[in-house]
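Hi,

Here is the structure I promised to pass on. Have a look at it first, and then read my notes underneath.

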Amino acid sequence: MKRSNYNFNREHSHDAIIEGLRRYFGDAGYEGDFVIGLSGGIDSALVAYFAVEAFGKKRVHGMILPSNTTSEKSIDLAMKLSNNLGIDAHGLPIGKINDDFVANFEKNYDCELGGLARGNIAARLRMISLMTASNEFGWKILNTGNRTEAMLGYCTLFGDTVGEYAPIGDVLKTEIYQLAEMINLISKSRDGFEVIPHEIISRPATAELVDGQTDEKEIGASYATIDRILWGRFAQDMTVDEFVAFGFDGEVVMSILARVSRNAFKAKFYAPHPVIHKELN
């Protein structure tokens with residue numbers, strides 16, 4: 001039975017992510033530019049930061065892809081982040097395309113699309129937008145998914161799984177926030193301001209695929225709880241009974257582990273990433 005103690009060194013992880021980016025693309029001889037879908041959320045903010053640190057701001061491009069369920073706050077925060085980083089960023093609204101597709105599908109199939117099918121259209125339209133930029137300009141797409149999402153399968157296949165490399169693909173969601181706080185300490189000391197807007201760090205995580213959606217509400221547990229369950233089960237081989245003995249809600253534990261099992265097939269679609277947690281790989 002493996003019992004790996006939890007350990008996250010944010011300084012080491014910060015440097016490993018940057019080195020991983022440089023090595024992955026450097027070994028392939030790639031000297032071009034990169035594109036990232038900027039959502040106004042913390043994951044894409046970190047990926048944009050790491051890309052700039054690895055390759056410089058002139059080689060990094062942001063795409064802001066609002067749908068009809070994207071808040072103005074998300075757009076504003078994405079623009080503020082890109083300005084802080086000094087990167088090129090452009091908006092490409094997908095709301096009308098989304099509506100036209102839904103109307104056309106429902107008309108031809110005489111149906112009314114459910115929430116999952118309707119929401120995933122926006123995620124896949126964002127993928128199409130990023131792929132179009134990649135095809136037209138030769139840019140490499142950086143994936144913005146994290147380790148918690150990957151283990152849960154909390155993603156849209158052929159949507160937010162797109163990307164040649166996932167810089168934070170082995171970083172748990174709670175660790176994302178730790179890195180963001182450290183990055184702001186670095187940037188404030190070096191540049192005189194916090195590069196990641198604090199509201200990006202403090203706002204609830206959401207894919208904004210449907211109105212009022214938040215990750216934790218949809219999954220049914222806080223990310224702090226989810227990450228503890230994932231580490232306990234897959235790095236420490238804990239049983240449900242052991243989780244309950246430590247004070248966890250057994251139904252929540254079984255729900256999280258069932259989601260992992262149910263979505264395990266999605267793992268084959270994830271992009272390569274630097275190894276931060278060998279215990280989970």
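**What I found**

Strand β2, helix α3 (residues 72-85) and strand β3 make up a β-α-β unit that is right-handed. Bear in mind as you read on that this is a predicted model.

The two strands of that unit, β2 (residues 60-64) and β3 (residues 88-91), pair in the parallel sense, with four bridges between them. One pair to look for is I64, whose bridge partner in β3 is G91.

Now zoom out to the sheet. It is open and has four strands, in the order β3-β2-β1-β4, with parallel pairing. At the edges sit β3 and β4 (140-141), each pairing on one side only. Strand β1 (residues 34-37) runs parallel to β4 and is joined to β4 by two bridges; here F34 has K140 as its bridge partner. Helix α2 (residues 42-55) lies across β1 and β2, at about 165° to β1.

I also spent some time on helix α4 (residues 95-109). Its 15 residues reach 21 Å from the first C-alpha to the last, close to the 21 Å expected at 1.5 Å a residue. Which residues of α4 are buried? They include G95, N98, V102 and E106. Looking down the helix axis, the buried residues of α4 fall within an arc of 60°, so they line one face. That fits the general pattern: an α-helix has 3.6 residues a turn, so residues three or four places apart point the same way. Helix α5 (115-137) is among what covers the buried residues of α4, while K96, K107 and N108 are exposed on the other side. Right after α4 comes D110, with a positive phi near 50°.

Cheers

Note on methods: Residues numbered from 1 in each chain as written. Predicted model: local features only at pLDDT ≥ 70, side-chain atom pairs only at ≥ 80, totals over all residues. Heavy atoms only, no water. Pairing = 2+ DSSP bridges. Right-handed = clockwise from strand over helix to strand, strands pointing away. Contact = heavy atoms within 4.5 Å. Axes fitted to C-alpha atoms, helices over the stretch in contact; angles between N-to-C directions. Expected span 1.5 Å × (residues − 1). Buried < 20%, exposed > 50% of the residue type's maximum accessible area, 1.4 Å probe, protein only. Arc of directions from axis to C-beta.
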